[in-house]
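Reader: I have a model open on my screen and I'd like to learn how to read it. Could you walk me through it, feature by feature?

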Amino acid sequence: MKLRIYVPAEPRIMSRIAQGVVRILAIGSLVISSTVLGPLAIAQPNFERTKPVDVVLLFDTSGSMLKTDPMQLRFKGAKDLARFLGKGDRLGIIGFSDKAEIVRPLKYVSPEAAPELEQDLARLSTSGQHTDIFEGVMAADKMLESNYRAGVEKAIVLISDGKMEPAPDKGIAFARTLALVHDNLPVLKAKETRVYTIALSEYADRPLLKEIAGATNGVAFYAANASELDRAFDLLFEAMVPSQAPGAITRKFYVEESAEEATFYVSHSAGARILLISPRGDHMSSTQMHDHVQWFSGENVDVITVREPESGDWEVQGIEPADAFVTVLTDLKFAIDAPVAIRVDEPGLIQARLFEGERPVALPHMSRILRFGFHVIPTDRVSAPVHDGELNDEGRDGDKVAQDGIFSRKLTLAETGDYRLNMKAKSPTFEREKQVPFKVKPKLITLEAVVEAQEHAEEAAEEGHAAEASHEHDEAAAPASEELQGDERVVFRAVVSKEVTTFKDVSVTLIARSSDRKRIEIPFRRSVEDRLVYEVPAGALPKDGRYAVHAEIKGVEHGRVPVRSETPELFFTRTMAPREEAETPVKVIVRHPEPVEKAAEFPLIPVLLVTAVNVVLGLAAYIFLWKKPSVRSAPTPKYIPQKALLDAIGDLEKRVSQTDIGIDDPIFSDASAAAGKQEPLQAQPAEAQPPPEPEREPQPEAPPAAPEAPQQQAP
């Protein structure tokens, strides 16, 4: 069990100690290479350091190093480092296994001191049985502290091939690791002492060495074997202090927090060395990158994809020339443009391209590293893929413009059904995948040449084969792929699919191209027996000769979608006796080839005219109805009643309102007077009847008199 403490690097450029140390180590790597591959011409790099450097080389001297570094390349490289150290720099060497041993104290070196350094390295032995990394790091720190001087950069370079295995009397591995990581590394960081580690072989404790470097703002590298040690030094050089040409520049790009993936595209001159720096200061290159980074380095382009990138400002260094193109693309997607349905044996165009949001991506050199592969799988039956291939951006096979970022391919299938198009966009740094369903419909129209049965039977009878001809089919069809020859017996027959019955404005035409390149259009006639069959006799052709013929159908689908389809060409040679022009049964139109037919344009001008007329008529009708006077009713004359009538009505109202009437009321005297005139009395309302009178002696009733009509009328 090991304690892991992660200390983020400061988000700033690496300090000058890194520049001094890694330049020294990089030069040393060239020297190491020269010992293996032969002498090389080495020139000291042109750089300036404002501070001297104190470096301690910390070598693992356990017995396992005899196996992982049998040629002792780590020592041979160190022998020649002195010649590349600047004036005022100091170098110390410590070997460690069971315990730490100072081989060379921290003292000044120069190129002239190489023999002295060689004698110091000769005292190193590789006979230890343990690997106490804690002991070695503490010894290096003690050397730097005991020889402290102000104003210098301090660094420790640790090379080991093992794990933390201290001697039993020093404690257990867990305790030593805990003490190193928890107690000592934070102190080294506080002193601004950086530790650079190289894990040699697969047996090294790479996680621990990486943690030691990270906790002190150093860099950790890995060499699988001794021959890769020079490569490890070179990686350190490239990651920490990239070699840039005088014209190289640095550019910054901001990455949003919501970005799940960021792809840096750098187009540069040949030989440029690109370095990517994260917002917290992590340095990455094509030879040293993190697990979440994919890097493609080409001759003129680098493409770097970072998964789950940190939000903030990312730096791209080493760009040359200054006008080189650099950009960052976040969350790339790709879109497929494919037909919803295609016809059997008719090519359908499929296209694909990358998008960043709503913007299409068309970058130089991108088409060379991108691949759009696809395969087609039936979905209405169990089957293996029936078609596969790749799209191209090279201006061929359906692709219109080369290197425009649009990848294209024509697809042809020979069987109807439901299918699924699986497509994958793949680059050296990222992949995308998408699926699109589509249908394959039957052919809209087919063309064949047939011979009429009756004439064929008569010819057979003339040749003495009438019996065999009676058993033949009614028609003999000639395949379209063969060269045909015939006379008036040949009939060109076009058969359309049932789908055509739903089309509008359907026209079926036979297109013939003569040997002198004249284009001839002959309308088909629908068969009376089958509405899906159209025919044209060979005699409709204007003269004998060789023709390339095909059938073409046009119509309108779903009310407004124009549809056009044609059959493959077949070659036909007509050989028949000349006939009168009047005998030609159909109309023949001969014209020269026309340009590609354009799609029908929207009738804008007629629509505008009709709209204007309707607006004018509407305004005129409104004005007419608004100004027309409305019909008014004639005034009714006022009626004024006469005073006598009003008095009579008032008197009547008073009488009606009375409930009790006395016997001496004048009305009875009026009634007696009126009885002589034979005028009957009107009955009183039930609620106004007087109380019953006492019984009287019966008197003779007067004969009823006819009622008089009222004498007074209302004016």
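Reader: Let's start inside. Which residues of the largest nonpolar core touch the most other members?

Author: A nonpolar core here is a set of buried Ala, Val, Leu, Ile, Met, Phe, Trp, Tyr and Cys residues joined through side-chain atoms within 4.5 Å. Buried means under 20% relative accessible area, exposed over 50%, and partly exposed in between, using a 1.4 Å probe and protein chains only. In this predicted model, the largest core has 32 residues, and Phe 372, Leu 421, Met 423 and Phe 438 touch the most other members. Elements giving two or more residues to this core include strand S12 (301-307), helix H9, strand S19 (371-378), strand S22 (417-426) and strand S23 (431-441). The largest share, 4 residues, comes from S22. Helices (H or I, at least four residues) and strands (E, at least two) are DSSP runs, numbered from the N terminus.

Reader: Before we go on, what are the ground rules for the numbers?

Author: Residues are numbered from 1 along each chain as its sequence is written, and side-chain values use heavy atoms, with hydrogens and water left out. It's a predicted model, so to speak of local features we need pLDDT of at least 70, side-chain atom pairs count only at pLDDT 80 or more, and totals for chains, interfaces and linings use all residues.

Reader: OK. What is Met 423 in contact with?

Author: Contact means heavy atoms within 4.5 Å. Leaving aside neighbours within four places in sequence, Met 423 has contacts including Phe 334, Ile 336, Ile 350, Phe 372, Phe 374 and Leu 391. Charged residues turn up in that list too, among them Arg 432, Glu 433 and Lys 434.

Reader: How do I read the sheet around there? What order do its strands have?

Author: Strands of a sheet pair through backbone hydrogen bonds, either parallel or antiparallel. Two strands count as paired if DSSP finds at least two bridges between them. Here 5 strands form an open sheet in the order S16-S23-S22-S19-S20, with mixed pairing. Strand S16 (341-343) and strand S20 (387-390) are at the edges with a single partner strand each, so each has one side without a neighbour in the sheet. On average, neighbouring strands are turned by 25° against each other, direction ignored. S22 and S23 run antiparallel, joined by 10 bridges, and Arg 420 stands opposite Pro 437 in S23.

Reader: And the other open sheet, the one with 6 strands?

Author: Its order is S3-S2-S1-S4-S5-S6, again with mixed pairing. Strand S3 (100-108) and strand S6 (220-223) are the edge strands, each with a single partner, and the twist averages 15° from one strand to the next. Strand S1 (residues 53-60) and strand S2 (residues 90-96) run parallel, joined by 7 bridges; Asp 54 has Arg 90 in S2 as its bridge partner.

Reader: Which helix lies across S1, S2 and S3?

Author: That's H5, which also crosses strand S4 (153-160) and strand S5 (193-200), and runs at about 155° to S4. Axes are lines fitted to C-alpha atoms, for helices over the stretch in contact, and angles run from 0 to 180 degrees between N-to-C directions. An α-helix has 3.6 residues a turn, so residues three or four places apart point the same way. Buried residues in H5 include Ile 133, Val 137, Ala 140 and Leu 144.

Reader: What caps the N-terminal end of H5?

Author: Asp 132 does, with a side-chain oxygen 3.3 Å from the backbone nitrogen of Phe 134.

Reader: Is Ser 367 buried or exposed?

Author: Ser 367 counts as buried because its relative accessibility is 11%. Ser 367 sits in helix H9 (residues 366-369), and its side chain makes a polar contact of 2.7 Å with that of Asp 393. A polar contact is a pair of N or O atoms within 3.5 Å; within protein, one must be able to donate a hydrogen and the other to accept it, and residues adjacent in sequence count only if both atoms are side-chain atoms.

Reader: Which side chain joins that of Glu 552 in a polar contact?

Author: Arg 564, at 2.7 Å. Glu 552 lies in strand S32 (residues 545-557) and is buried, at 7% relative accessible area.
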